[in-house]
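Today I sat down with my notebook and a new structure. Here is what I opened.

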Amino acid sequence: MSLALNYIANSLLILCLITSIIQSRFLFKIQDYNLFSISQISAIQFLSILVSFFILIFLFITSDFNFDLVYFHSHSEKPLIYKLSGVWGNHEGSMLLWILILVLFNFLFSISKSSSKEFKEITVAVQSLMIFGFVLFLLLLSNPFNINNENFNDGLGLNPILQDPLLAIHPPILYIGYVGFSLIFSLSITGLLTSEVDKKWATIAKPWVFAAWSFLTAGIALGSYWAYYELGWGGYWFWDPVENASLMPWLSATALIHCVVVLQRRNTMQSWTMVLAILTFSLSLAGTFLVRSGVLNSVHTFASDPGRGLFILMFLFIILSSSFLLFALKSEKINKPSSHNIYSRNTGIIVNNWLLISILSVVFLGTMYPLATDLIYNQSLTVGPQYYAISITPIIILFLFFMILSPQLSWGESKLLKILNEMRYILISCLTITFLTSLYYDLFNLTEILIIFLSLILIISSLSSGLNFKSTKVIVKSNFGQSIAHAGFGIFMLAVVSNAVYSQEKIYDAKIGSKLQLDEYIFDFKNIEQEEKDNFNSIKAYLSLSKNGRDLGEFSPEIRFYSDPPTITSETSIIHQFFSDVYVVMNVPQNQESISLRLHIKPFMNILWLGVIMIILGGIITAILNRKKYEENAIN
Amino acid sequence: MTDTVKKRLIKFLVSLIIFGIAILIIVYNLRDNIVYFYSPSEIIENNQTGSQIVRLGGLVESESVMSDGDSIFHFKITDGQKQISVKYQGILPNLFAEEKGVVVEGIYMNDGRFIANKVLAKHDENYMPPEVIKSLKETGKWQE
């Protein structure tokens with residue numbers, strides 16, 4: 001049985017390899033193969049990987065320990081959902097998932113109707129060439145279907161820190177984002193090859209870019225939310241190299257989505273759009289694989305294998321050098337002469353593109369600097385979070401300013417005074433609100449006040465530009481997605497700053513029956529209980545929370561002792577209120593009498609996630625909004 | 001040189017200068033915020049006392065962990081050759097244990113003690129911070 005499945009799965013992978021070669025024929029101008037249509041072959045390509053992915057899922061569910069991967073990463077007593085997430089909780093399985101999404105995008109594009117036949121053929125060919133590379137990598141260097149000849153009774157388990165429902169869906173979502181940019185990359189290469197980077201190109205690319213960007217945003221947000229409640233360090237972003245690795249493609253992708261809009265509307269910025277498309281995909285590749293290869297030192301890295309890292313670096317090098325060579329050869333041809341007024345929306349978007357790239361450089365240097373010093377001077381060091389805060393804050397202030405200004409500018413020519421006049425009510429009301437709140441909350445830091453002020457203007461001006469209030473009816477305008485996302489970013493920034501200023505934390509050595517206090521909250525420490533669960537033992541502490549005599553709920557922070565592999569985890573306990581989260585983490589008890597508890601007050605966390613959800617929604621709305629409407633608009 | 005080429009050259013140079021200045025500011029800022037990592041031998045050798053925050057890594061020496069209540073802990077970090085006494089107030093990570101790898105962040109005092117404000121959490125029992133592996137290898141204490 002195991003042997004048969006091994007053969008079937010490997011044959012399917014080889015089938016995918018063959019179909020990818022057939023698909024890439026268009027690149028070499030071989031057209032005489034007409035047995036199957038392009039979308040049919042893409043369907044075979046997709047199905048072959050889908051079935052082999054299902055085989056892997058089947059192996060994990062049935063706990064077939066004849067397969068190395070299952071033996072090392074699963075255990076017969078794991079709950080079903082974690083057997084499932086174990087499929088992509090390791091290097092080989094996540095590679096297969098990556099390839100599955102790669103072929104899925106290829107298939108979806110091959111059946112889409114937005115592009116001409118030739119354009120589609122070349123795009124699919126480029127995409128298939130990449131599929132070929134990755135499937136080859138999978139077969140040679142990280143085959144998930146390797147068989148062992150031992151008869152193991154049980155597996156070595158899955159890291160319990162990864163046994164979390166959120167973490168089960170975090171990688172697939174993030175991967176859809178990362179891999180989505182592979183299609184944008186293929187589209188760009190096709191655009192360069194055919195010298196057709198114009199309004200039409202942007203119209204074809206737009207829904208894919210926005211979809212990939214939305215998934216990437218959602219993937220990063222899920223990871224951040226997981227870190228917030230699972231790691232129990234009280235933060236949601238740690239500037240960890242792995243987090244940075246996902247933030248970098250996001251920053252360049254954010255610049256890219258705006259350029260695609262400019263390209264569609266104004267038919268300019270062709271070269272820059274291509275650079276961003278190539279950059280985003282390269283950073284996505286680096287993001288996924290440098291993380292998994294163990295080059296980056298982090299709590300997230302699993303196993304390290306220099307051979308794999310080397311393959312990915314080579315792949316990255318080939319992709320980067322060949323695409324930039326192509327770009328250098330073709331950039332003259334794709335650039336159309338353009339002139340635009342300096343007081344136009346173009347300028348605003350270009351400035352913010354630069355600011356995004358500046359943030360990207362800050363993050364890049366901060367992430368790479370420790371690697372470089374380790375290699376060159378053999379000196380280990382880390383970059384403190386202060387570096388990011390100090391470097392990024394001034395950029396963010398400028399960024400918010402241009403984010404408010406740009407949508408107010410027209411594509412043609414605008415008068416700044418007129419805009420100021422139109423916005424006078426918003427400006428005055430936001431100024432008043434900021435003034436009053438900072439007085440009320442004793443806020444005297446100019447930077448913080450400035451960010452709050454700008455965020456408020458951004459929220460109000462974005463929302464009012466996306467909706468049209470006409471007496472009784474509310475009309476949703478075509479830029480609705482943009483206005484939701486921009487308002488979401490304003491809300492997000494507002495929450496980030498308030499959270500940073502008003503977070504509180506205290507550690508107690510607490511005895512049962514004692515009352516602990518933090519700010520206005522009273523924590524009543526009631527009891528400790530021990531429990532035995534399916535795959536772990538736990539110690540739970542029970543506390544109740546009250547504020548001004550009002551009961552707000554129960555905490556039950558927990559320490560879990562897993563046996564496979566032996567690991568201890570803390571489960572934080574959070575009480576969400578509208579304006580602030582209150583949360584408790586407990587320590588492994590060192591003695592019988594008392595226990596260390598860490599109490600946190602995290603204001604505006606709900607608001608922060610609301611902002612993030614709005615950003616994602618904005619992207620999705622833009623991705624699916626009627627394309628025809630945009631084409632009509634593009635003419636003016 | 002034609003006009004367009006001239007224009008382009010100026011554009012290119014201006015953006016190069018702006019970019020260069022930006023990078024300089026970033027790197028300057030970076031240097032103020034880096035946290036160096038040392039093993040006990042290195043920290044004694046370099047005599048890195050003072051106000052600078054550094055990281056110290058090694059193994060927690062056996063039978064060295066003591067607590068005097070109020071979440072204050074004392075323990076020793078060793079790399080097989082030298083030991084450093086560490087004082088820490090706070091919650092110890094779950095996998096903190098004697099004879100296991102640990103990384104602490106804080107200040108190395110003049111009297112040879114290390115006041116830690118952070119003990120870094122790692123999640124896997126078998127996980128050893130790469131810096132610790134490196135320093136253990138240097139003192140010959142590491143076996144593959």
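My entries below go from one helix to two helix pairs.

Before starting, I noted that this is a predicted model, where local features need pLDDT of at least 70, side-chain atom pairs count only at pLDDT 80 or more, and totals for chains, interfaces and linings use all residues. Residues are numbered from 1 along each chain as its sequence is written, while chains are lettered from A and ligands numbered from 1 in the order in which they are written.

**Entry 1: one helix.** I looked up H12(A), residues 345-377; helices here are DSSP runs (H or I, at least four residues), numbered from the N terminus. Its 33 residues should span 48 Å (1.5 Å times one less than the number of residues), and the end C-alpha atoms are 47 Å apart, which agrees. I also found a kink of about 35 degrees at Met368(A), shortly before Pro370(A); the bend is the angle between axes fitted to the seven residues ending there and the seven starting there. After H12(A) comes Asn378(A), with a positive phi near 55 degrees.

**Entry 2: a first pair.** How do I describe two packed helices? I use the angle between their axes and the distance between the axes. The axes of H2(A), residues 38-61, and H6(A), residues 117-141, come within 11 Å and cross at roughly 20 degrees. These two helices are therefore roughly parallel (angles under 35 degrees).

**Entry 3: a second pair.** H7(A), residues 165-193, packs with H8(A), residues 199-231, at about 155 degrees, with axes 8 Å apart. That makes H7(A) roughly antiparallel to H8(A), a word I keep for angles over 145 degrees.

Conventions. Axes are lines fitted to C-alpha atoms, for helices over the stretch in contact, and angles run from 0 to 180 degrees between N-to-C directions. Angles under 35 degrees count as roughly parallel, over 145 as roughly antiparallel, 65 to 115 as roughly perpendicular and the rest as oblique.
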